[in-house]
Structure formats: structure tokens, C-alpha cells
Amino acid sequence: MASARYTLNIKPEDLEPDKPRELTRKEKLANWWWYHRLHVGIGAAVLAVVIWLAVDFFGRVLPDYQIALVTEQYIPDTVLSELGDALAVYGADLNGDGQTLVQVNGYQLSFTATEEEDSSVAMDALTQMTGLTTLTGDVSARTSLIFLTDDPEGFQLSFELLAAADGSLLPEGASAEEAQLFAFGDCPALAELALSDETRAYLETFYIARRGFADGKTLADYPQENEALYKTLTAGAAAQ
């Protein structure tokens, strides 16, 4: 029990706990920031990504046509951009945005690479996986009707997508010899394209073909217009 000399002169107000000092506005903000700075940082990063994606999406010019270029070779960006720009003269403004855009998508992958190949010539695994994944996405989404490749046999054996002369999908197990193929340089429309010497030399071993579809499926966007472009590009050429 406390001694009387310690409690005798205690006033009731002395027993009340000290009231916490009210923080100033600046101190409240500093305290809030201390406990929420991580959340704010994460939110700001997410918002920045959302804004970047929105600007990229709404500022992007959507292509009227998409063409797939498939090869084991390294694909220079200049080849894709030059070819797309040159092909635009044969297309039309399908989406009504005021311009004609042909987008050539490059897919670099090897259909013959094996683990036993010399590492100096074998394609690295990342490039192979990226090419395979993106090309598979194109195929699954039914993005491209027109294909350019310098290895039609390897492409056909791996994907079995090429069409016969009548546009139908080749039967299962058919080789590229049964597909309708045109050498790039044999097509008058392609020979007249405004391409640099470097790009034309790059494409001289390529073939142009179209994709066949089964089970009533067709190209996801503008199937008739893409078919018309294919016929324009191959008109006057003899199939291989």
C-alpha cells in the first residue's frame, strides 16, 4: 500500500493520463507517408504501366494486313519494315483509319536444329523458343494468310498449314511439294517492289504460300481481302 505522504496531496487531475499531443498537419502527412510509402510506390508503378499501355494502344496504327516471314536466318528489322511499306501499294485501307498498313511479322526458328549440332551454328535456345512461341500464337489466332519462308518443306512438316492450289488445306502428312508455292523472284508483283538491294538479296531464296484452313475456319480478320492480296502478289507466276 502506498505511503500516506505520497498520496495525501494528490489531486484528481494528477491521476488523469497525459493526453497525446495533437500532430500538426505536416506531421500527420509525414506519419501517413511513412506507413504507406511502399503502397504508393507500387501504385505509381502500376499506374505508369497502365498509362504507357493505353498510350501505346490508342496511339498505335492497326495493320490492315499481316504477313508471316519464317526463316532460320537472322531477320533484320529493315527487311520487315521495307517489305511491309512496299507491299502497301497492293493493299487497301480495310479498317478505315485513312492509311494502308501491311505488317510483316518475322519468326526466326530452325526446323532442323538438333542437340548434336555445333554450338557455333546451332540457334540459341531462347531465339528458338521465342520464334516457336510467337509463330504458334500467329497460327492459333489465325492472324496470317500469306507466308514467306526459305524452308517450305521444314515449315510444312512442322506445322502442316500450307494450302493446295485450290486453297484447301493439304491432307495430313502431305509435303510442301503438294502445296502451291511461288518463288519470290518469279512473282512479277514482288519483283516490282521498291526494295533496297540488301532486302531483295535477303529475300531471293524465299517462297510465298498461303495458309489452308480446315473445319470451316478462316482467317480471323479480312479473309477475302487477304486472299485477294495473295492472288495479286502471285499473279503471272508459275507455281513450283
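Strand 1, residues 65-71, and strand 2 pair in the parallel sense over 7 bridges. Two strands count as paired if DSSP finds at least two bridges between them. Within this pair, alanine 68 has asparagine 105 of strand 2 as its bridge partner.

A word on the source: this is a predicted model, where local features need pLDDT of at least 70, side-chain atom pairs count only at pLDDT 80 or more, and totals for chains, interfaces and linings use all residues. Residues are numbered from 1 along each chain as its sequence is written, and side-chain values use heavy atoms, with hydrogens and water left out.

Now the whole sheet. It is open, with 5 strands in the order 2-1-3-5-4 and mixed pairing. Strand 2 (102-108) and strand 4 (182-183) each have a single partner strand, so one side of each has no neighbour in the sheet.

Next, the helices. The protein chain has 8 helices and 5 strands; these are DSSP runs numbered from the N terminus, helices being H or I of at least four residues and strands E of at least two. Helix 3, residues 77-87, lies across strand 1, strand 2 and strand 3 (146-149), at about 150° to strand 2. Helix 8, residues 223-234, packs on the sheet and touches strand 1, strand 3, strand 4 and strand 5 (207-210). Contact means heavy atoms within 4.5 Å. Angles run from 0 to 180 degrees between N-to-C directions, with axes fitted to C-alpha atoms, for helices over the stretch in contact.

Last, burial. How many of the 240 residues count as buried? The share is 31%, where buried means under 20% relative accessible area, with a 1.4 Å probe and protein chains only.

Methods. Buried < 20%, exposed > 50% of the residue type's maximum accessible area, 1.4 Å probe, protein only.
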